[in-house]
Amino acid sequence: MKGDRVEIVVDAGDTTKTYEVVASREGRRVETAIRRGVVEVSEVTRAGTAVRTARFMAGRVLALVEHPMARTDEPARPLRDVPRS
């Protein structure tokens, strides 16, 4: 969903660097995959085509933080009134 984002913190020797991949348009999402020592974060369309991909060596990744956008299509559940005796 638009607004989903993933932050990647990478060890860059004596410092750390932070990268961010964001779903920039409606209908896109951010997917994360870890394969063969590589962390891959991609912005993907509805059809599954990768628009943008960031790859990092898994040994250098310190943190991978997903920030999902609040979903508005889910109906709000009202609190139930509990009768008092």
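**Naming the contacts in a predicted model**

Reader: How do you know that Arg28 forms a salt bridge with Glu43?

Author: The closest N and O atoms of Arg28 and Glu43 are 3.3 Å apart, and a salt bridge is defined as a side-chain nitrogen of Lys or Arg within 4 Å of a carboxyl oxygen of Asp or Glu, so the pair meets the rule. The model is a predicted one, in which local features need pLDDT of at least 70 and side-chain atom pairs count only at pLDDT 80 or more, while totals for chains, interfaces and linings use all residues. Residues are numbered from 1 along each chain as its sequence is written, and side-chain values use heavy atoms, with hydrogens and water left out.

Reader: Why are Arg28 and Glu43 both called buried?

Author: Buried means under 20% relative accessible area, exposed means over 50%, and partly exposed lies in between (1.4 Å probe, protein chains only). Arg28 has 16% relative accessibility and therefore counts as buried, and Glu43, at 0%, is buried by the rule as well.

Reader: What makes Arg52 and Glu43 a salt bridge, and why is Arg52 called partly exposed?

Author: The closest N and O atoms of Arg52 and Glu43 are 2.9 Å apart, which satisfies the cut-off for a salt bridge. The relative accessible area of Arg52 is 43%, so Arg52 is classed as partly exposed.

Reader: How do you know that Arg55 and Glu40 meet in a salt bridge, and which parts of the chain does the pair tie together?

Author: The N to O distance between the side chains of Arg55 and Glu40 is 2.9 Å, again inside the limit for a salt bridge. Arg55 lies in strand S5 and Glu40 in strand S4, so the pair ties together parts that are 15 residues apart in sequence; strands are DSSP runs (E, at least two residues), numbered from the N terminus. Arg55 is exposed, with a relative accessible area of 57%, whereas Glu40, at 18%, counts as buried.

Reader: Why is the arrangement of Tyr19 and Phe56 called tilted?

Author: Rings of Phe, Tyr and Trp (its six-membered ring) pair if their centres lie within 6.5 Å, and planes under 30 degrees apart count as stacked, over 60 as edge-to-face and the rest as tilted. One aromatic pair is counted by this rule: the centres of Tyr19 and Phe56 are 5.2 Å apart and their planes are at 40°, which makes the pair a tilted one. Tyr19 is in strand S2 (residues 15–22) and Phe56 is in strand S5, so the pair ties together parts that are 37 residues apart in sequence.

Reader: What makes the largest nonpolar core a core, and how many residues has it?

Author: A nonpolar core is a set of buried Ala, Val, Leu, Ile, Met, Phe, Trp, Tyr and Cys residues joined through side-chain atoms within 4.5 Å. The largest one has eleven residues, including Val6, Ile8, Val41, Ala54 and Phe56, and strands S1 (5–12), S4 (38–44) and S5 (50–57) each give two or more of them. S1 gives the most, with three residues. Phe56, with a relative accessible area of 12%, is buried.

Reader: How do you know that Ser42 makes a polar contact with Thr53?

Author: A polar contact is a pair of N or O atoms within 3.5 Å; within protein, one must be able to donate a hydrogen and the other to accept it, and residues adjacent in sequence count only if both atoms are side-chain atoms. The side chains of Ser42 and Thr53 come to 3.2 Å, so the distance satisfies the cut-off. Ser42 is in strand S4 and is buried at 8%.

Notes
Helices (H or I, at least four residues) and strands (E, at least two) are DSSP runs, numbered from the N terminus.
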